[in-house]
Amino acid sequence: MIHRAAIEIGGRDLSIETGRLAKQANGAALVTYGETVVLVTACVSSKPREGASFLPLTCDYREYTLAAGKFPGGFHKREGRPSEKEVLTSRMIDRPIRPLFPENYFYETQIIAFVYSSDGENDADVLAVTGASAALTFSDMPFHHPLAAVRIGYIDDHLVTNPTITQMETSRLNLVVVGTEDAIVMVESSAKEVSEDVVLEALHLAHEEIKKLIVMQKQLRDQIQPVKWSVEPVAVPEDLLEEIREQVTPKIREALYTPGKLASERKMDEVKTALIESYPEEEEEKRRVAAIIFSRLKEQIFREDLLTHSRRPDQRASDEIRPISIELDVLPRPHGSSLFTRGETQAIVSVTLGTSDDSQIMDTLDGETNKTFMVHYNFPPFSVGEVAFLRGPGRREIGHGALAEKALSAVVPAEGDFPYTIRVVSDILESNGSSSMATVCGGSLALMAAGIPVKKAVAGVAMGLVKEADRYAILSDIAGFEDHYGDMDFKVAGTVDGITALQMDIKITGITKDIMKQALDQARRGRLYILEKMNEAITAPRSELHPYAPRIYTVTIPEHRIKDLIGPGGKIIKALVEETQTKIDIENDGTVKVFAANAERAEQAIRRINELTEEAIPGKIYQGRVTRLEAYGAFVEIIPGIEGLLHISEVSYQRTPDIRDVMKVGDEITVKCVGIEPPNKIRLSMRALQDPPPGFEPEERSDRPHRPSSRGGSRDRRGGRPPRGGSRDRD
């Protein structure tokens with residue numbers, strides 16, 4: 001049976017339908033908003049994965065080019081590996097849904113979202129998140145907490161729900177919020193220095209809209225009445241729990257507060273190994289339960305000490321930032337570099353400047369664009385003391401790089417003001433929490449060190465939360481242990497004047513607006529503290545680019561001269577590039593960008609470009625070469641590729657019977673440009689460079705040069721012919 005419901009969100013109807021498509025999936029939902037349509041399915045394996053200690057959930061979001069009536073790019077003309085947008089949206093589906101499954105749920109689960117229609121105005125990403133929740137809610141899987149997603153924009157000082165793609169072009173805020181009926185569970189945002197108060201108001205508005213979408217899902221669920229199967233929690237015998245608690249609590253506490261991440265982890269592993277090995281090998285189930293109890297006790301001790309004694313593993317105060325160390329220019333050849341260390345998290349960040357040819361072509365449903373600013377984040381295994389194969393960037397690395405890119409892009413100059421392609425690469429050399437925010441700080445420093453005229457410095461800090469009933473602690477600059485066992489990971493990046501990026505994942509309900517406000521205020525204080533430390537290293541972008549950075553010079557030529565600069569088959573421009581050892585980009589509007597290793601080569605290239613595209617100027621004197629002779633005059637090349645007409649009447653003050661009497665093809669002559677007629681007819685004169693004979697009176701001349709009569713005879717001063725005989729009475 002087909003079930004369908006619709007509700008108005010952001011002034012447009014959003015509908016969810018199930019029961020017509022993909023009926024063999026455990027759950028399916030077709031979400032339609034405007035003319036954007038997304039099909040989301042949810043499937044689960046029949047048996048749990050053996051030995052799994054985490055939820056084996058896979059989320060995949062795909063944008064078919066057919067959705068926009070386009071062909072895929074590339075040779076094969078079919079979709080290939082996922083784009084960055086698809087990867088980020090897949091993570092956007094995964095992050096809020098994963099914590100809502102039961103604790104002991106270890107079944108292979110897959111969520112697939114296909115965009116089948118795109119109207120170019122309504123983004124499908126938030127629809128996919130809502131659709132994933134609907135598919136799970138309508139299925140027989142043990143998913144009992146529907147969620148939904150909306151986007152909030154900030155346009156002309158007003159918050160807008162689900163703004164269109166066109167509206168987003170003028171929005172200062174791009175905030176995606178995911179929530180259940182009770183609480184917000186995920187936030188992803190980029191912003192242009194928006195205040196904390198605006199963000200807080202936007203979060204509140206988003207949650208009110210989310211509740212409407214959840215009510216609709218529940219209504220459909222009540223109509224479908226799916227039979228949900230259950231997952232039993234791990235049974236922990238009370239006597240075994242107390243036995244282990246008494247045995248390991250002091251040892252866990254000792255390991256927890258051992259200085260240094262690796263030393264603490266090693267000691268904790270030793271305690272766990274000793275506990276498990278204290279039971280015979282044949283008691284495998286007891287060993288398995290003992291490992292579960294150990295993990296629970298470790299979390300309980302951490303949380304209780306924090307809430308009761310305000311004690312963090314590294315003994316910091318709740319709002320204290322770890323020690324910060326900054327070095328600039330640590331790499332000699334990259335165009336900018338920095339080494340940013342905060343506690344046991346360290347990032348080496350480099351900046352590379354390139355030409356427009358180095359920009360990334362983004363082929364999306366909205367069309368093809370060129371991306372000229374990019375941030376790439378790498379997380380090698382040695383950063384956490386592990387051994388692993390080096391592969392291409394994973395989803396986590398792409399996600400962290402995208403977050404840092406959002407944070408920094410708000411201050412990067414526009415391409416028109418700084419015509420470079422900019423690549424920022426962050427390698428995490430050491431990690432103990434908040435490496436993405438270290439990338440933001442290191443990236444900002446490296447951009448300034450490179451001499452890129454960024455508007456302001458940007459810093460980021462990761463906030464955490466531990467909450468039990470009415471007790472809670474908000475933590476600044478969380479380390480790895482606090483991230484893993486805390487209830488919230490809240491990353492905030494921005495300048496002294498406002499937020500530029502925001503990312504939040506929440507594992508619990510009950511986070512009030514007041515707690516959120518406190519977290520934002522505390523994050524702002526932490527951000528300003530970090531910015532002060534960064535200002536001690538560098539206060540403003542350097543006035544000069546790095547010596548090894550390419551120099552870009554811009555000249556403008558007439559559009560109709562582009563073909564002359566390129567030449568047949570690109571012959572002229574190729575020769576020019578080789579001659580001057582520069583790189584030259586020519587745009588359709590006549591803008592020419594010259595990229596050179598030094599000023600001397602650039603000046604040589606610009607001089608040659610000007611020579612090749614020079615335009616005739618009225619009143620200017622030229623040394624030209626005769627290229628063609630006609631009865632009415634000579635054509636003279638005054639600029640390479642540009643000819644003008646030297647009319648026979650402009651050769652001399654004396655009458656010239658035949659142009660061939662005074663010049664021949666190939667002669668070098670001096671002429672003056674006396675006018676240019678549309679579209680580009682150039683009038684030349686030799687007579688204008690001569691002294692007039694005594695008693696000469698200039699004629700009144702029209703804009704067009706006159707030709708001598710083919711019938712002979714002389715003209716009068718008005719250019720007319722004398723009558724052949726007598727006057728004629730017209731009356």
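Angles between helix axes under 35 degrees count as roughly parallel, over 145 as roughly antiparallel, 65 to 115 as roughly perpendicular and the rest as oblique. The exercises below apply this to a predicted model.

**Exercise 1. Helices α8 and α9**

Task: Determine how the axes of α8 and α9 are oriented to each other, and state the hand of their crossing.

Solution.
Step 1. Two packed helices are described by the angle between their axes and the distance between the axes.
Step 2. Helix α8 covers residues 395–409 and helix α9 covers residues 435–449; their axes come within 9 Å and cross at roughly 45 degrees.
Step 3. The two helices are therefore oblique to each other.
Step 4. The crossing of α8 and α9 is right-handed.
Step 5. On the α8 side the contact is made by Arg396, His400, Leu403, Ala404, Ala407 and Leu408. On the α9 side it is made by Ser435, Ser436, Met437, Thr439, Val440, Gly443, Ser444 and Leu447.

**Exercise 2. Helices α4 and α11**

Task: Classify the packing of α4 against α11, then compare the span of α4 with its expected value.

Solution.
Step 1. Helix α4 (residues 196–224) and helix α11 (residues 513–537) have axes 10 Å apart and pack at an angle of about 150 degrees.
Step 2. That angle makes α4 roughly antiparallel to α11, because values over 145 fall in that class.
Step 3. The crossing in which α4 passes α11 is right-handed.
Step 4. From α4, the residues Glu196, Val199, Leu200, Leu203 and His204 meet Lys513, Met516, Lys517, Leu520, Arg524 and Arg527 of α11.
Step 5. With 29 residues at 1.5 Å a residue, α4 should span 42 Å, and its end C-alpha atoms are indeed 42 Å apart.
Step 6. Gln225 follows α4 and has a positive phi, near 55 degrees.

**Exercise 3. Ile244 and the packing of α5 on α7**

Task: Establish whether Ile244 is buried or exposed, and place this residue in the packing of α5 on α7.

Solution.
Step 1. Ile244 belongs to helix α5, residues 238–256.
Step 2. Its relative accessible area is 0%, so Ile244 is buried; the limit for that class is under 20%.
Step 3. Helix α7 (residues 284–309) packs with α5 at an angle of about 55 degrees, the axes being 9 Å apart. The pair is therefore oblique, and α5 passes α7 in a right-handed crossing.
Step 4. Ile244 is one of the α5 residues that make this contact, and the α7 residues include Ala290, Ile293, Phe294 and Leu297.
Step 5. Leaving aside residues up to four places away in sequence, Ile244 touches Thr249, Leu275, Tyr279, Ala290, Ile293 and Leu297.
Step 6. Ile244 and Phe294 stand 50 residues apart along the chain, with their C-alpha atoms separated by 7.7 Å.

**Exercise 4. Leu306 of α7**

Task: Describe the surroundings of Leu306.

Solution.
Step 1. Leu306 is located in helix α7.
Step 2. A relative accessibility of 3% means that Leu306 counts as buried.
Step 3. Not counting residues up to four places away in sequence, Leu306 touches Arg311, Arg312, Val466, Ala473 and Leu475.
Step 4. Between Leu306 and Lys467 there are 9.9 Å in space, C-alpha to C-alpha, although the two are 161 residues apart in sequence.

**Exercise 5. Thr580 of α13**

Task: State which residue shares a side-chain polar contact with Thr580, and which residues Thr580 touches.

Solution.
Step 1. Thr580 is placed in helix α13, residues 571–580.
Step 2. With 1% relative accessibility, Thr580 counts as buried.
Step 3. The side chains of Thr580 and Thr582 are joined by a polar contact of 2.7 Å.
Step 4. Apart from residues up to four places away in sequence, Thr580 touches Arg601, Gln604 and Ala605.

**Exercise 6. Positive phi values and an enclosed helix**

Task: Locate Asn162 and Glu193, and explain why α2 is described as largely enclosed.

Solution.
Step 1. Most residues other than glycine have a negative phi.
Step 2. Asn162 has a positive phi of about 45 degrees. Asn162 lies in the loop between β8 (158–161) and α3 (165–168), and is buried at 5% relative accessible area.
Step 3. Glu193, in strand β10 (residues 184–194), has a positive phi near 55 degrees.
Step 4. Helix α2 (residues 125–138) has 14 residues and reaches 20 Å from its first C-alpha to its last, close to the expected 20 Å.
Step 5. Of the 14 residues of α2, 14 are buried, so the helix is largely enclosed by the rest of the structure.

Notes. Residues are numbered from 1 along each chain as its sequence is written. This is a predicted model: local features need pLDDT of at least 70, side-chain atom pairs count only at pLDDT 80 or more; totals for chains, interfaces and linings use all residues. Side-chain values use heavy atoms; hydrogens and water are left out. Helices (H or I, at least four residues) and strands (E, at least two) are DSSP runs, numbered from the N terminus. The expected span of a helix is 1.5 Å times one less than its number of residues. Buried means under 20% relative accessible area, exposed over 50%, partly exposed in between (1.4 Å probe, protein chains only). A polar contact is a pair of N or O atoms within 3.5 Å; within protein, one must be able to donate a hydrogen and the other to accept it, and residues adjacent in sequence count only if both atoms are side-chain atoms. Contact means heavy atoms within 4.5 Å. Axes are lines fitted to C-alpha atoms, for helices over the stretch in contact, and angles run from 0 to 180 degrees between N-to-C directions. A crossing is left-handed if the near helix is turned anticlockwise from the far one by less than a right angle, and right-handed if clockwise.
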